[in-house]
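Hello,

Here is the structure for you to look over. My notes follow below it.

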Amino acid sequence: MEFTAEQLSRYNGTNESSPIYVAIKGRVFDVTTGKSFYGPGGDYAIFAGKDASRALGKMSKKEEDVSPSLEGLTEKEMNTLNDWETKFVAKYPVVGRVVSS
């Protein structure tokens, strides 16, 4: 499945009947089984319905860092992001990718 950023934003955990999706480097993961983390009130709810690549690489929960942009990330931050991606691949199904609108 292909998602625009706007379409992805609908899967942010606020609708009980919809899954929760988080994208990393454009790949969309169904993180619904991690609802306690990614659902409303969860530690990582800020990432739900978004491509959180930059924030994950920077280990940040700041709104301004929740972005698909990898520009300016250090090698260490890219390694951190790649570690997150590996964990997501092992734990959550890939359901699609983010495309430009």
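**Salt bridges and strands**

Arg-97 has a relative accessibility of 45%, so Arg-97 is classed as partly exposed. The side chain of Arg-97 meets that of Glu-2 in a salt bridge, with N to O at 2.5 Å. This pair connects distant parts of the chain, as Arg-97 sits in strand 4 and Glu-2 in strand 1 (residues 2-3), 95 residues apart. Glu-2 also counts as partly exposed, because its relative accessibility is 48%. Please keep in mind that this is a predicted model.

Seven salt bridges turn up in a search of the whole structure. Two others deserve a description.

One joins Lys-50 to Glu-63, where the closest N and O atoms are 3.7 Å apart. Lys-50 belongs to the loop between helix 2 (35-38) and helix 3 (53-58), and Glu-63 to the loop between helix 3 and helix 4 (75-91), so this salt bridge ties together parts that are 13 residues apart in sequence. Lys-50 is partly exposed at 29% relative accessibility, and Glu-63 is partly exposed with a relative accessible area of 48%.

The other is between Glu-77 and Lys-58, again with the closest N and O atoms 3.7 Å apart. Glu-77 is in helix 4 and Lys-58 in helix 3, so the pair ties together parts that are 19 residues apart in sequence. Is Glu-77 buried or exposed? Glu-77 has a relative accessible area of 17%, which means that it is buried. Lys-58, at 33% relative accessibility, counts as partly exposed.

There is also a network of salt bridges that links Lys-25, Arg-27 and Glu-85. Two of these residues come up again in the strands. Lys-25 takes a positive phi near 50° in the hairpin of strand 2 and strand 3, which has two residues between the strands. Arg-27 stands opposite Arg-97 in strand 4.

On the pairing itself, strand 2 and strand 3 run antiparallel and are joined by four bridges. Among the bridge partners, Ala-23 is matched with Val-28 in strand 3, and Tyr-21 with Asp-30 in strand 3. On its other pairing, strand 3 runs antiparallel to strand 4 (residues 94-98), with three bridges between them. In strand 2 (residues 21-24), Tyr-21 and Ala-23 point one way, Val-22 and Ile-24 point the other way, and all are buried.

Asp-30 may be worth a look of its own. Asp-30 lies in strand 3 (residues 27-30). What is the nearest side chain of opposite charge to Asp-30? It is Lys-35, 11 Å away, and Asp-30 is buried yet has no salt bridge. The Asp-30 side chain does make a polar contact, at 2.5 Å, with the side chain of Thr-32. Leaving aside residues up to four places away in sequence, Asp-30 touches Pro-19, Ile-20, Tyr-21, Tyr-92, Pro-93 and Val-95. Tyr-21, one of these contacts, is also the bridge partner of Asp-30.

Finally, the record. An unreviewed UniProt entry places the feature "domain: Cytochrome b5 heme-binding" at residues 3-99. In the model, the end C-alpha atoms of that span lie 6 Å apart, and the span is 32% helix and 14% strand.

Regards

Conventions. Residues are numbered from 1 along each chain as its sequence is written. This is a predicted model: local features need pLDDT of at least 70, side-chain atom pairs count only at pLDDT 80 or more; totals for chains, interfaces and linings use all residues. Side-chain values use heavy atoms; hydrogens and water are left out. Buried means under 20% relative accessible area, exposed over 50%, partly exposed in between (1.4 Å probe, protein chains only). Lys and Arg count as positive and Asp and Glu as negative; His and the chain ends are not counted. A salt bridge is a side-chain nitrogen of Lys or Arg within 4 Å of a carboxyl oxygen of Asp or Glu. A polar contact is a pair of N or O atoms within 3.5 Å; within protein, one must be able to donate a hydrogen and the other to accept it, and residues adjacent in sequence count only if both atoms are side-chain atoms. Contact means heavy atoms within 4.5 Å. UniProt positions are given in the numbering used here, feature names are shortened, and annotations may be inferred rather than shown by experiment. Two strands pair if DSSP finds at least two bridges between them.
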